[in-house]
Amino acid sequence: MFNIVAKRSIFFIISGLVIIAGIIAMVAFGGLNTDIDFTGGTAMYVNLGAEYDEAGIRDALKGVEGVSVSSVQKTGDQEAVIKTAELATEQRVAVEEALKAKFASASIMSVDNVSATVGQELWGNAAKSILIAVVLMLIYITFRFELLSGISAVIALAHDLLVMMAIYAIFRFPVNTSFIAAMLTILGYSINATIVIFDRIRENTRFLKKETFRDIVNKSIWQSMGRSINTSLTTLLTIVMVYILGVPSIRDFALPLIIGIVAGTYSSIFIAGQFWVLFKGKDKKDIAKAKA
């Protein structure tokens, strides 16, 4: 049986490389590719009067002075939401004229402005929500198991969120309110998978008195492996189908869920238990074996 705990450095390095790559991408690109939900801007709901693709819209607006398209969201065969930095009235007119030059029947149906102040408030509320959720989970796991296991679980949760942000930073996916909702959803999903393994560790600790804690953790992970992977696969298949067949607004929520489920399954199996072992240190049985 492959000793997951003994080879933990491999899994830590894999996670570290992904997170570091994300940090480098954030530095290189000046942060995450935040949508106007956070930075403020203008959302134009347009009817193009013909089928289109995102590249065609971006190409049509490329020459409009002062207009930088942050995202194009397809809402129908002929309709779309174009998000840009905040536009003045003259710029909106120029956008409509540019669209009509490429799509003869194009028209702007409605326009919404989002202020940067609202975006800052969203970031603040998102951070508070995540912090409160993590603290409550720490208290719950500490009460159910012990403080060291609670800290290990929180580290695994932080790992999942950092991996999600790293992937979004590397591939420049737009970060919007759906991303924040997905992060909170993954917190609940990931902690559930971790608790399943921690439960098995606690049960085995009662009965495997002659085993070291690290051996118990390794055995518990393998005993829970099938359940963890099968649960994640069935959930993942459903979300992937939603992403493939769903409308763009649903895809914005499904994509971070896919990334989070993969990261959460990985951290539950390869990260959380290993940190618990690290924090526990060598128990008496380990020391006795070393002396022998």
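In the predicted model, helix α6 covers residues 147-171 and holds 25 residues. At a rise of 1.5 Å a residue, a helix of this length should span 36 Å. The C-alpha atoms at the two ends of α6 lie 37 Å apart, in agreement with that expectation. Immediately after α6, Arg172 adopts a positive phi of about 60°.

Helix α6 belongs to a protein with 10 helices and four strands. Read from the N terminus, the order of the elements is α-α-β-α-β-β-α-β-α-α-α-α-α-α. The protein is more spread out than a compact globule, because its radius of gyration, 24 Å, is well over the 19 Å that the globule rule gives for 292 residues. Along the principal axes, the C-alpha atoms occupy a box of roughly 85 × 35 × 30 Å.

Contacts were then considered by their separation along the chain. Among those between residues at least 6 apart in sequence, 77% link residues at least 24 apart. In terms of burial, 43% of the 292 residues are classed as buried. The protein has an accessible surface of about 15000 Å², and carbon and sulfur atoms contribute 63% of this area.

Charged side chains number 27 positive and 24 negative. The centre of the positive set and the centre of the negative set are 19 Å apart.

Definitions and conventions: Residues numbered from 1 in each chain as written. Predicted model: local features only at pLDDT ≥ 70, side-chain atom pairs only at ≥ 80, totals over all residues. Heavy atoms only, no water. Expected span 1.5 Å × (residues − 1). Rg over C-alpha atoms; globule rule 2.2 N^0.38 Å. Buried < 20%, exposed > 50% of the residue type's maximum accessible area, 1.4 Å probe, protein only. Contact = heavy atoms within 4.5 Å. Areas by Shrake-Rupley, 256 points an atom, 1.4 Å probe, with all protein chains shown as cover. Lys, Arg positive; Asp, Glu negative; His and termini not counted. Charge placed at Lys NZ, Arg CZ, Asp CG, Glu CD.
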